[in-house]
Amino acid sequence: MNGAMHNAPTVVDISLKRGPSGLGFNIVGGTDQQYVFNDSGIYVAKIKENGAAAQDGRLQEGDKILAINGRRLENLSHSEAVELFRTAGEDVLLRVQQRPPAPANGPVVPRPEEPPIPMWIVLTISAAGVAVAAFLYFRSNTRRHF
């Protein structure tokens with residue numbers, strides 16, 4: 001089975017009740033401050049300890065917030081998105097695209113291939129090894145007569 005099925009993003013609705021410190025997370029992104037290349041979406045930057053989002057436990061750093069109280073967050077500047085969060089009221093419904101979990105046995109993205117070692121380096125090291133081996137062989141097999 002390929003890993004692509006396991007890494008598909010999940011969209012969930014998360015209901016939070018605003019606490020003394022707000023909703024308990026910071027956001028990044030927007031049309032004027034793209035957080036992800038070619039994506040002006042709004043993302044969770046930091047979950048505040050003991051905040052509403054941390055106590056709920058479902059919202060994670062890196063999640064993309066698609067909508068707040070049914071209002072889609074497409075094509076908004078960062079400040080427009082912040083204002084929507086500020087005026088959302090006490091009970092807030094978030095539609096969130098959760099980032100895919102990292103697989104337990106490796107990285108999410110494949111590592112870039114190592115550049116190949118140039119052939120001249122391989123030949124030089126091989127020739128040096130042969131030369132050292134020949135030197136040691138002849139040195140040990142040469143008897144000195146005095």
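**Reading strands, a helix and salt bridges**

Me: Which side chains of strand β2 (residues 25-29) are buried, and which are not?

Reply: In a regular strand, side chains alternate between the sheet's two faces. Here Phe 25, Ile 27 and Gly 29 point to one face and are buried, whereas Asn 26 and Val 28 point to the other and are not. Buried means under 20% relative accessible area, exposed over 50%, partly exposed in between (1.4 Å probe, protein chains only). Strands (E, at least two residues) and helices (H or I, at least four) are DSSP runs, numbered from the N terminus. One caveat: this is a predicted model, where local features need pLDDT of at least 70, side-chain atom pairs count only at pLDDT 80 or more, and totals for chains, interfaces and linings use all residues. Residues are numbered from 1 along each chain as its sequence is written, and side-chain values use heavy atoms, leaving out hydrogens and water.

Me: Where do the buried residues of helix α2 fall, seen down its axis?

Reply: The buried ones in α2 (residues 78-86) are His 78, Ala 81, Val 82 and Phe 85. They fall within an arc of 100°, so they line one face of the helix; the arc is taken from the directions from the helix axis to the C-beta atoms.

Me: How many salt bridges does a search of the whole structure find?

Reply: Six, each a side-chain nitrogen of Lys or Arg within 4 Å of a carboxyl oxygen of Asp or Glu. Among them, Arg 95 meets Asp 13 at 2.7 Å, N to O. Arg 95 is in strand β6 and Asp 13 in strand β1, so the pair ties together parts 82 residues apart in sequence.
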